[in-house]
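Grab a coffee and have a look at how two parts of one chain can sit against each other. Try each exercise before you read its solution.

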Amino acid sequence: MQSKNIPTVRWTGEELYILDQTLIPITVKEIKLSNEEEAYNAIKELKVRGAPAIGVAAAYSLLINLKNKTNLNTNEFINFVEERAKYLNSSRPTAVNLSYALNRMINTIKNKKDKSSLELYNILEEEAKKIHSEDIGICQKIGEYGSKLLKDNCGILTHCNAGRLAVSGIGTALAPMYIAHQKGIKIRVYADETRPLLQGARLTSFELQEAGIDVTLICDNMAAFIMSKGLVDLVIVGCDRVAENGDAANKIGTMGVAILAKYFNIPFYIACPSTTFDLNTKTGNDIIIEERDAKEIINFAGVQTAPLDMKVRNPAFDVTPNELITGFITEKGIIKPPYTENLKALLSR
Ligand code: MRU
């Protein structure tokens, strides 16, 4: 089964399905999320992951079995939805897309006290569908702007997975590669495997290979060697939250790649929707970094690889300082420094 035939997130009008990303590349299978606990756990356990996909999944997760609650009065219904949004929002802290989507859902009903609960339900469902379809359009535009940076025979390095599997459309960091490939531009992609959860190995190499794009998988500690051989012309990665000054949180290891890129004089781009810019967060120091379970480090592919009582750090993200970022590829164009001014200008467009 090809993963491209199964959407990352699918709402039938009654039920919510996600493509279970923890099973890829061995199994490509959808699972149903039957209640909010299952939705919370699916996000926390990375069955659905990638900043935009988490946002879309969370928006639909608010709707699971919600029709059964339309017997509540309007105030009770709004309170119920707000409580559920708060719970879902606590599943993962770093990607701003999660709170963005949930806040957007809540804001559509907050001041509509004159509506019935069923009317509010319908408004929420429409908003979730809108968030979903906007994501698809945004990816396409990021791809079109970003593809202009890709020349024939160029080498691109990427980290983690910011492709089709992380969004509802063709990805953010991988979108320029899909569009370039469609246009017949020959590209070579190096995918960092992305320890500890291997999103690069399991997901990026899988989806690019499925699309017929020339992709080479490397361990994270090989990026310097590959760059030193002149094989990388630019780096493109995704992003989970960008602070007002342009500091950008992405999968752990991204900052190291940016430092290497600087050393080897290779342009380092971040591709993300403009909704990933969080002007309420001043600098990267203010971004909450998710710390995950020690067992992700102590075990590898189900085998214990370190003493069980080992002291471990497992930050899931790091923050790339703005001065290492050549530009942001967004659906509104490519933004260059100075970021504090230019991000504000972009968001006001
Ligand atoms: O922990 P994950 O797999 O959700 O982390 C994903 C990333 O860091 C992606 O690069 C980011 O969310 C952008 S996805 C378009």
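The exercises below deal with the interface between the two domains of this predicted model.

**Exercise 1.** Work out where the domains lie in the chain and how far apart their C-alpha centres are.

*Solution.* Start with the bounds: domain 1 runs over 9-138 and domain 2 over 141-348. Next, take the C-alpha centres of the two domains, which lie 26 Å apart.

**Exercise 2.** Find out how much area is buried between domain 1 and domain 2, and which residues of domain 1 supply the biggest share.

*Solution.* First, the total: about 2400 Å² is buried between the domains, with carbon and sulfur atoms giving 55% of that. Then look at the domain 1 side, where Arg 49, Thr 94 and Ile 138 supply 28% of the area buried against domain 2, more than any other three residues. Finally, count contacts: 27 residues of domain 1 touch 30 residues of domain 2.

**Exercise 3.** Check whether Glu 290 and Arg 92 form a salt bridge, using the 4 Å cut-off.

*Solution.* The closest N and O atoms of Glu 290 and Arg 92 are 2.9 Å apart. The limit is 4 Å, so the pair counts as a salt bridge. Across the whole domain interface, the rule finds one salt bridge. Polar contacts between the domains come to 16 residue pairs.

**Exercise 4.** Say which helix gives the most residues to the side of domain 1 that touches domain 2, and sort that side by class.

*Solution.* The elements giving two or more residues are helix 2 (51-61), helix 4 (96-110) and helix 5 (117-147). Helix 5 gives the most, with five residues. By class, this side of domain 1 has 15 nonpolar, seven polar and five charged residues.

Note on methods:
Residues are numbered from 1 along each chain as its sequence is written. This is a predicted model: local features need pLDDT of at least 70, side-chain atom pairs count only at pLDDT 80 or more; totals for chains, interfaces and linings use all residues. Side-chain values use heavy atoms; hydrogens and water are left out. Domain bounds come from an automatic or database domain assignment. Contact means heavy atoms within 4.5 Å. Buried area is the accessible area (1.4 Å probe) that two parts lose on being put together, summed over both. A salt bridge is a side-chain nitrogen of Lys or Arg within 4 Å of a carboxyl oxygen of Asp or Glu. A polar contact is a pair of N or O atoms within 3.5 Å; within protein, one must be able to donate a hydrogen and the other to accept it, and residues adjacent in sequence count only if both atoms are side-chain atoms. Helices (H or I, at least four residues) and strands (E, at least two) are DSSP runs, numbered from the N terminus. Ala, Val, Leu, Ile, Met, Phe, Trp, Tyr, Cys and Pro count as nonpolar, Asp, Glu, Lys and Arg as charged, and the others, Gly among them, as polar.
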